[in-house]
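Welcome to this short briefing. Please take a look at the sequence and the structure below, and then we can walk through them together.

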Number of protein chains: 2
Amino acid sequence: MVHYKLTYFDARGLAETARQLFVLADVEFEDNRLTIEEFQKLKPTLPSGQVPILHVDGFEISQSAAIWRYLARKFGYSGKTPEEEATADSIIDHFKDFLVSFKHYGAGLFFGKSQEELNRVRKEIVEPACKFYFSVLKKYLEKNTSGYLVGSDLTYADIAVAENLTSLKNTNFFNPDEEKTLAAFHQKVNETPKLKEYLEKRKYSIL
Amino acid sequence: MVHYKLTYFDARGLAETARQLFVLADVEFEDNRLTIEEFQKLKPTLPSGQVPILHVDGFEISQSAAIWRYLARKFGYSGKTPEEEATADSIIDHFKDFLVSFKHYGAGLFFGKSQEELNRVRKEIVEPACKFYFSVLKKYLEKNTSGYLVGSDLTYADIAVAENLTSLKNTNFFNPDEEKTLAAFHQKVNETPKLKEYLEKRKYSIL
């Protein structure tokens with residue numbers, strides 16, 4: 001049996017989409033959650049000093065989206081045609097563009113910045129980025145009729161986007177009462193049978 | 001015959017890797033290069049108001065890396081195994097992380113910022129980002145024995161990285177005399193027979 005080892009911090013963040021792909025596929029994996037001290041020790045051995053890292057029988061993959069795509073293809077969540085795969089990949093890259101802005105807020109929380117500084121980042125950086133990002137997501141959802149972002153079934157793009165919407169809800173950037181299309185999408189993904197059960201039990205983390 | 005239409009500005013930038021994949025595969029495509037005025041007209045119709053955009057018989061793909069990956073898979077430049085594909089994807093995402101910094105310089109050039117401001121961006125943002133990015137690339141090149149970044153043959157990761165090294169050379173961020181490993185890699189990719197011929201003839205643009 002293939003041994004999968006996913007290494008990240010003890011948070012959802014950039015590892016959670018991979019964890020959910022394992023859950024959906026009923027595939028066991030080692031969920032290696034590092035303390036800050038353990039991460040500092042490991043850092044010099046990593047390709048870019050960053051986590052998440054996935055080891056597959058010793059073979060190492062860095063970069064979150066590359067890890068998700070690898071697992072999505074293995075487990076059947078990457079899209080059914082080359083065109084669906086390309087659309088899922090496009091959405092993932094729109095999401096990653098948004099993260100460039102959102103991570104200023106995440107890093108601010110993590111490093112315990114003042115409420116004043118967090119408010120500044122919220123207003124000047126993250127709220128405008130959310131507005132733009134949400135408009136892009138809604139274009140995809142309104143063009144598709146299934147309620148998913150791509151084609152007729154769940155893909156890794158849905159998982160990554162819905163997972164991040166939970167973080168945006170936790171930090172008051174996403175208000176389901178104001179964003180009906182996104183709220184319906186978020187609920188649909190989170191009600192996927194195996195995911196629903198997992199989401200009810202998983203450890204809470206704000207991000 | 002499939003009709004491919006690649007829409008971008010009249011520059012190399014984020015479209016050039018796609019153009020080179022067409023050249024390598026001997027596949028005809030419509031190289032639709034927009035003026036700023038044409039782009040402004042098109043912008044509201046695009047999924048995120050951005051180019052490049054690839055149309056494949058009317059089907060639309062946004063986001064540069066998603067376009068490159070789609071073409072690379074079609075034409076056989078995405079890697080030979082799921083693990084090679086994941087490694088190429090990882091490298092592309094390391095490259096895109098670097099672009100978040102480098103684009104400050106590119107935008108500065110494009111919008112005609114003062115030499116003083118360009119120098120500040122160079123020292124404070126792009127030079128530190130280059131140092132880190134080059135160290136990541138060298139780890140991949142030193143681990144692989146073929147001279148390419150992934151496996152034994154050319155992939156889209158090699159094309160995208162080599163293409164950007166040309167831009168970094170043009171803007172004096174990459175000095176081949178100081179970076180021997182990267183210089184050998186850059187030369188190897190640029191000497192790929194069909195590419196070599198194309199590179200000698202293509203229109204010059206700094207980026």
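How much area do chain A and chain B bury between them, and what percentage of it is on carbon and sulfur atoms? The two chains bury about 2,600 Å² between them, with 47% of it on carbon and sulfur atoms. Please keep in mind that this is a predicted model.

**How the two copies are arranged**

- A turn of 180° with a shift of 0.0 Å along the axis lays chain A on chain B, with an RMSD of 0.0 Å.
- The two copies are thus related as by a two-fold rotation axis.
- Both copies use the same surface, as 100% of the contact residues of chain A recur in chain B.
- If you would like to find the axis on your screen, start from A:Val100, the residue of chain A that comes closest to it, with its C-alpha at 4.0 Å.

**What the interface is made of**

- Chain A brings 33 residues to the contact, and chain B brings 33 residues as well.
- Ten salt bridges are found by the rule across the interface of chain A and chain B.
- One of the salt bridges joins A:Arg69 to B:Asp89, where the closest N and O atoms are 3.0 Å apart.
- Across this interface there are also 22 residue pairs in polar contact, both residues being at pLDDT 80 or more.
- On the side of chain A that touches chain B, at least two residues come from each of β4 (59-62), α3 (64-75), α4 (82-110) and α5 (115-143).
- Helix α4(A) gives the largest share of that side, twelve residues.
- By residue type, the side of chain A that touches chain B divides into 14 nonpolar, seven polar and twelve charged residues.

**A closer look at A:Ser101**

- A:Ser101 sits in helix α4 of chain A.
- With a relative accessible area of 18%, A:Ser101 counts as buried because the cut-off is under 20%.
- Leaving aside residues up to four places away in sequence, A:Ser101 touches A:Ile125, A:Val126 and A:Ala129.
- From A:Ser101 to A:Glu83 it is 18 residues in sequence and 28 Å in space, C-alpha to C-alpha.

**A closer look at A:Thr171**

- A:Thr171 belongs to the loop between α6 (156-170) and α7 (180-190) of chain A.
- A:Thr171 is buried too, its relative accessible area being 4%.
- Not counting residues up to four places away in sequence, A:Thr171 has contacts with A:Phe102, A:Tyr105, A:Leu109, A:Arg122, A:Ile206 and A:Leu207.

Terms used:
Residues are numbered from 1 along each chain as its sequence is written. Chains are lettered from A and ligands numbered from 1 in the order in which they are written. This is a predicted model: local features need pLDDT of at least 70, side-chain atom pairs count only at pLDDT 80 or more; totals for chains, interfaces and linings use all residues. Side-chain values use heavy atoms; hydrogens and water are left out. Copies are superposed by least squares on the C-alpha atoms of residues with pLDDT of at least 70 in both. Contact means heavy atoms within 4.5 Å. Helices (H or I, at least four residues) and strands (E, at least two) are DSSP runs, numbered from the N terminus. Buried means under 20% relative accessible area, exposed over 50%, partly exposed in between (1.4 Å probe, protein chains only). Buried area is the accessible area (1.4 Å probe) that two parts lose on being put together, summed over both. A salt bridge is a side-chain nitrogen of Lys or Arg within 4 Å of a carboxyl oxygen of Asp or Glu. A polar contact is a pair of N or O atoms within 3.5 Å; within protein, one must be able to donate a hydrogen and the other to accept it, and residues adjacent in sequence count only if both atoms are side-chain atoms. Ala, Val, Leu, Ile, Met, Phe, Trp, Tyr, Cys and Pro count as nonpolar, Asp, Glu, Lys and Arg as charged, and the others, Gly among them, as polar.
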